[in-house]
Every structure is written in structure tokens, then in C-alpha cells.
Amino acid sequence: MSTRAVPFHCPYCGDEDLEPYEGELDSAGHGTGGSWYCRACARAFKLKFLGIGVRI
């Protein structure tokens, strides 16, 4: 099982040209993960799995 959720489309423009984005760093200087960059619309976004059957 993968620890990274991989998006297939940009949520803003729908393009498929995505790459991992390591813009945010933790206190140790490592990327926090889950962030993606769309080359088509130059936007960065973050994915977060909240769970199955949870109320928000």
C-alpha cells in the first residue's frame, strides 16, 4: 500500500501535468508531503486523507 495519495487531475484546471511539490518544510528541513504542483496553471495544492466514515 502506498503512503502517498496521487491525484490524477488538477482540482483547479483539470490538467494531468502534475508533479510532487516540496514547498513546505518541517523543522528538520524535510518536505511535509502530500503537496502537488500543476505545471499547466502554476498552482500548488495539498491532499489530505481524512478517513472513511468520519464526520467533518
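Let me start with Pro7, which is buried in this predicted model, with a relative accessible area of 16%, where buried means under 20% relative accessible area, exposed means over 50%, and partly exposed covers what falls in between, using a 1.4 Å probe and protein chains only. Pro7 sits in the segment before β1, and when its neighbours within four places in sequence are left aside, Pro7 is in contact with Leu18, Trp36, Phe45 and Leu47, contact meaning heavy atoms within 4.5 Å. Taking one of those partners, the C-alpha atoms of Pro7 and Leu18 are separated by 8.1 Å, and the two residues are 11 residues apart along the chain.

A word on how to read these values. Residues are numbered from 1 along each chain as its sequence is written, and because this is a predicted model, local features need pLDDT of at least 70 and side-chain atom pairs count only at pLDDT 80 or more, while totals for chains, interfaces and linings use all residues. Side-chain values use heavy atoms, with hydrogens and water left out.

Now to the overall layout. The chain has zero helices and three strands, and along the sequence the pattern reads β-β-β; helices (H or I, at least four residues) and strands (E, at least two) are DSSP runs, numbered from the N terminus. The three strands form an open sheet in the order β1-β2-β3, with antiparallel pairing, and β1 and β3 are the edge strands, each pairing on one side only. From one strand to the next the twist averages 30 degrees, with axes being lines fitted to C-alpha atoms, for helices over the stretch in contact, and angles running from 0 to 180 degrees between N-to-C directions.

How many bridges join β1 and β2? These two strands pair in the antiparallel sense over three bridges, where two strands count as paired if DSSP finds at least two bridges between them, and within this part of the sheet Pro20 stands opposite Trp36 in β2. On the other side, β2 and β3 pair in the antiparallel sense over four bridges; there the bridge partner of Cys38 is Arg43 in β3, and that of Ser35 is Lys46, also in β3. The hairpin of β2 and β3 has four residues between the strands, and in this hairpin Ala42 takes a positive phi near 60 degrees.

Ser35 deserves a second look, as a residue of strand β2 that is buried, with a relative accessible area of 8%. Not counting residues up to four places away in sequence, Ser35 touches Pro20, Tyr21, Phe45 and Lys46.

Phe45, a contact of both Pro7 and Ser35, counts as buried at 9% relative accessibility. The structure has two aromatic pairs, by a rule in which rings of Phe, Tyr and Trp (its six-membered ring) pair if their centres lie within 6.5 Å, with planes under 30 degrees apart counted as stacked, over 60 as edge-to-face and the rest as tilted. One of them is the edge-to-face pair of Tyr12 and Phe45, at 6.4 Å centre to centre and 65 degrees between the planes. Tyr12 lies in the segment before β1 and Phe45 in strand β3, so this pair ties together parts that are 33 residues apart in sequence.

Next, the charged side chains. A search of the whole structure finds two salt bridges, a salt bridge being a side-chain nitrogen of Lys or Arg within 4 Å of a carboxyl oxygen of Asp or Glu. In one of them the side chains of Arg39 and Asp17 meet at 3.6 Å, N to O, and since Arg39 lies in the loop between β2 (35-38) and β3 (43-46) and Asp17 in the segment before β1 (18-20), the pair ties together parts that are 22 residues apart in sequence. Arg39 also forms a salt bridge with Glu19, the closest N and O atoms being 2.7 Å apart, and this pair links the loop between β2 and β3 with strand β1, 20 residues apart. Salt bridges that share partners thus join Asp17, Glu19 and Arg39 into one network.

Are the members of this network buried, partly exposed or exposed? Arg39 counts as partly exposed at 47% relative accessibility, Asp17 is partly exposed at 32%, and Glu19 is partly exposed with a relative accessible area of 27%.

Finally, for the chain as a whole, buried residues make up 12% of the 56 residues.
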